[in-house]
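Subject: Structure handover and notes

Dear colleague,

Here is the structure I promised to pass on to you, with my notes on it below. Please read them with the structure open beside you.

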Amino acid sequence: MATVITGQVRAEDGSKLWLRYARMRQAPVDGAVVERTSPTGKAIRRELQLALPKLTVANDSAGRRSLIIRRSSESDVRRLGEEGFAIRTRTIDAKPCIAIESAGDVGALYGTFHFLRLLATDRDVSKLNVAQRPALQLRLLDHWDNLDGSIERGYAGKSLWKWDELPDKLDPRYIDYARANASIGINGAVLNNVNANPLSLSSDYLKKAAALAEAWRSYGIRVYLSANFAAPKTLGKLPTADPLDPRVAQWWREKADEIYKLIPDFGGFVVKANSEGQPGPQDYRRTHADGANVLADAVAPHGGVVMWRAFVYDQGVDPDRAKRAYLEFTRLDGQFRPNVIVQVKNGPIDFQPREPFHPLFGAMKHTNVMAELQVTQEYLGHSNHLVFLAPMWKEFLDADTFAAGKGSTVARVIEGKIHPYRPTGICAVANTGSDVNWCGHHFAQANWYAFGRLAWDPNLSSEQVADEWLRMTFGNDRELLGVLKPMMLDSWETFVGYSMPLGLHHLISGDHYAPDPANAKEPREDWTAVYYHRADAKAIGFDRTTRGDRAVEQYFPKVRDQFDDSETCPQSLLLWFHRLPWTRRMKSGRTLWEELCLKYSDGAARAAGMVESWRNLSGKIDEQRYREVAAKLETQALDAAAWRSRCLTSFASINGLALPADLQKSPSIAPGD
Ligand code: BDP
């Protein structure tokens, strides 16, 4: 990790993520004892030494240290579970100390990272009384990594997993990856792409996966794999992958046994079936439940789970893509095994810049449901745009489904508080890669961080998460925080503003990056842009109301009614649910067209403003990161201007209305310009 002194501030390359421990306040303790001899205990000692090099760390209590990390069987600690921890200022053997206590090993590690976070973010640690446990059981990163080292929708280099070197050689980065995840409570990693190569389940690749599992075990991270549903055929050479064929069931059982021999704590499978050309049970006229259950039965004896994705959109089911998954899955509620979790993307289309929450949240009473988010910015400017995603995830987690009356937020649904889901979970498509700074954009690290923190505690505010991350990543300087925090917190609305405001969605073509609202040519209609915005001379938007295609009826009545009425529908989702005339009067008094123009212009102006804000920090940030972020922000500002110009000129050519003055003068900027 290169650290060069240039000028007043040290140059940094971002490789240490938020675990820089730079100019940390020293802990107000005279030494630490880690009363744990396990490999996790060793990891804790190593981390303490890295963070607080002046601290003597021992593994026995001789000498009575004032930072104590120990197992506790007190009932208030035990109640926090294996992963929970308490951090308290206490008096032990007549000596004042800080005690990090937990029932489980990994709880001690999480507690240590929490304590270090308190120090790194300059919190007062003189009186501590912290007790935490994670809100969700499975908190996973999904890597869409292919065996050839490429990453589907990855924008930060190649895969971190060096398959050709594994299992013999372990890249030191595997440990840094585990440390970063453990520091934010992530406890599992799905190693391979949901568009899964069956070879990932071959004996050779399982040995490689086992080496990673071994490296991460002491950090509380379990390995999971995406399974290709046709593997019994392609890999096992059976004539079929029909889930009800006994030979197929036996193949999956034997495969599971083989995996658990190599990886005793293997987490389980993720499956993308009958979606975007992937094989699945419907190839044999079986249901998603039949498909999920055959894998679930295979891993059940070993304690494994199957995360069965609800990202399906068969055109035969309904003309509206947004309605299809709900229709397919609600009719199967109750037919899945207890160790199946239906994995649902946050919104009903596909990780768009803004979507309403997916109507499946709250709708499945008898089937575990977990949420799938996307950290990698597939539709949000790749690794070029600074977009802090916590506010988007908070909007989703805090959305009230009304599944069991008021207060049935998505967070409470996935926590199993509305229907008794076990296990509970959340996962997110990772944005990591071989780039030195891991994520392509220094600020994209904040999204990895935010995902972990919100998976641990969905009640944290975006502001708090941004504050923590900034302090650890760029330091505790007040002026710096004063500029960067609002910049991060506004950045999602800024992106939505210049790309797809007022509920517009999917205004792109194949690269999922550049604006292409006129895109009408794709192999499938629901991959175009015109299918979604439906603009013509009179109106724009997708009528999903009770007078339209009735998609709103998939929501519980309170939400349905709110979305159904264009007066009560949140303006941010207006054109998602409503098709409205360009002349419609908005609450602001402006017409819909004027409002749209304003949103685009405001978004583009705010993106340009970010360049300026950053410039003001020159000298306060180490040179390399300053330069790299500045270059990205400039690209973002240009892209934002292109989005505005391209979308507005395209819509104006349809509705014949006047463009903002500057766009009337200059010709439209084509994508990629
Ligand atoms: C879409 C991506 C595609 C993924 C798919 C999925 O464009 O690459 O395979 O989601 O989630 O957003 O399966």
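**Pro-515 and its surroundings**

Pro-515 sits in the loop that runs between α14 (478-499) and α15 (530-533). Please keep in mind throughout that this is a predicted model. With a relative accessibility of 4%, Pro-515 counts as buried, and its C-alpha atom is separated by 6.7 Å from that of Arg-646, although the two positions lie 131 residues apart in the numbering along the chain.

A second loop position can be described in the same way. Asp-565 is found in the loop between α16 (557-564) and α17 (574-577), and at 35% relative accessibility Asp-565 counts as partly exposed. The C-alpha atoms of Asp-565 and Thr-546 are separated by 9.3 Å, the two residues being 19 apart along the chain.

**The chain as a whole**

The chain contains 20 helices and 18 strands. For 673 residues a compact globule would be expected to have a radius of gyration near 26 Å, and the chain, with 25 Å, agrees with that expectation. Along its principal axes, the C-alpha trace spans about 80 × 70 × 50 Å.

Buried residues make up 64% of the 673 residues, and, among the contacts with a separation of 6 or more, 71% are between residues 24 or more positions apart. The chain exposes about 24900 Å², of which carbon and sulfur atoms supply 49%. As for charge, there are 85 positive and 82 negative side chains, and the centres of these two sets lie 3 Å apart.

**Aromatic pairs**

The structure holds 35 aromatic pairs. One of them is formed by Tyr-110 and Trp-456, whose rings are 5.2 Å apart centre to centre with 85° between the planes, an edge-to-face arrangement. Tyr-110 lies in helix α3 (residues 105-120) and Trp-456 in helix α12 (residues 445-456), so this pair ties together parts that are 346 residues apart in sequence. Both partners are buried, Tyr-110 with a relative accessible area of 3% and Trp-456 with one of 5%.

Phe-474 and Trp-614 form another pair, and because their ring centres are 6.2 Å apart and their planes meet at 75°, the pair is edge-to-face. This pair, too, links distant parts of the chain, with Phe-474 in helix α13 (residues 462-474) and Trp-614 in helix α18 (residues 592-615), 140 residues apart. Phe-474 counts as buried at 9% relative accessibility, and Trp-614 is buried with a relative accessible area of 1%.

There is also a cluster in which ring pairs link Trp-18, Trp-161, Tyr-174, Tyr-177, Trp-216, Trp-438, Trp-448 and Tyr-449.

**Backbone features to look at**

Most residues other than glycine have a negative phi, and most peptide bonds are trans. With that in mind, which peptide bonds are cis, and where do they lie? One cis peptide bond joins Leu-166 and Pro-167, with omega at about 0°, and Pro-167 has its place in the loop between β9 (138-142) and α4 (173-183). Another cis peptide bond runs from Arg-422 to Pro-423, with omega near -5°, and Pro-423 is found in the loop between α11 (410-414) and β16 (425-429).

Two aspartates are listed here for their phi angles. Asp-93 is not a glycine, yet has a positive phi of about 50°; this residue is placed in the loop between β6 (85-92) and β7 (95-102), and with a relative accessible area of 57%, Asp-93 is exposed. Asp-122, also not a glycine, has a positive phi of about 65° and lies in the loop between α3 and β8 (129-132). At 42% relative accessibility, Asp-122 counts as partly exposed, because the partly exposed class covers values between the 20% and 50% limits.

With best wishes

Notes
Residues are numbered from 1 along each chain as its sequence is written. Side-chain values use heavy atoms; hydrogens and water are left out. Helices (H or I, at least four residues) and strands (E, at least two) are DSSP runs, numbered from the N terminus. Buried means under 20% relative accessible area, exposed over 50%, partly exposed in between (1.4 Å probe, protein chains only). The radius of gyration is taken over C-alpha atoms; the globule rule is 2.2 Å times the number of residues to the power 0.38. Contact means heavy atoms within 4.5 Å. Accessible areas come from the Shrake-Rupley method with a 1.4 Å probe; for residues, only the protein chains shown count as cover. Lys and Arg count as positive and Asp and Glu as negative; His and the chain ends are not counted. The place of a charge is taken as NZ of Lys, CZ of Arg, CG of Asp or CD of Glu. Rings of Phe, Tyr and Trp (its six-membered ring) pair if their centres lie within 6.5 Å; planes under 30 degrees apart count as stacked, over 60 as edge-to-face and the rest as tilted.
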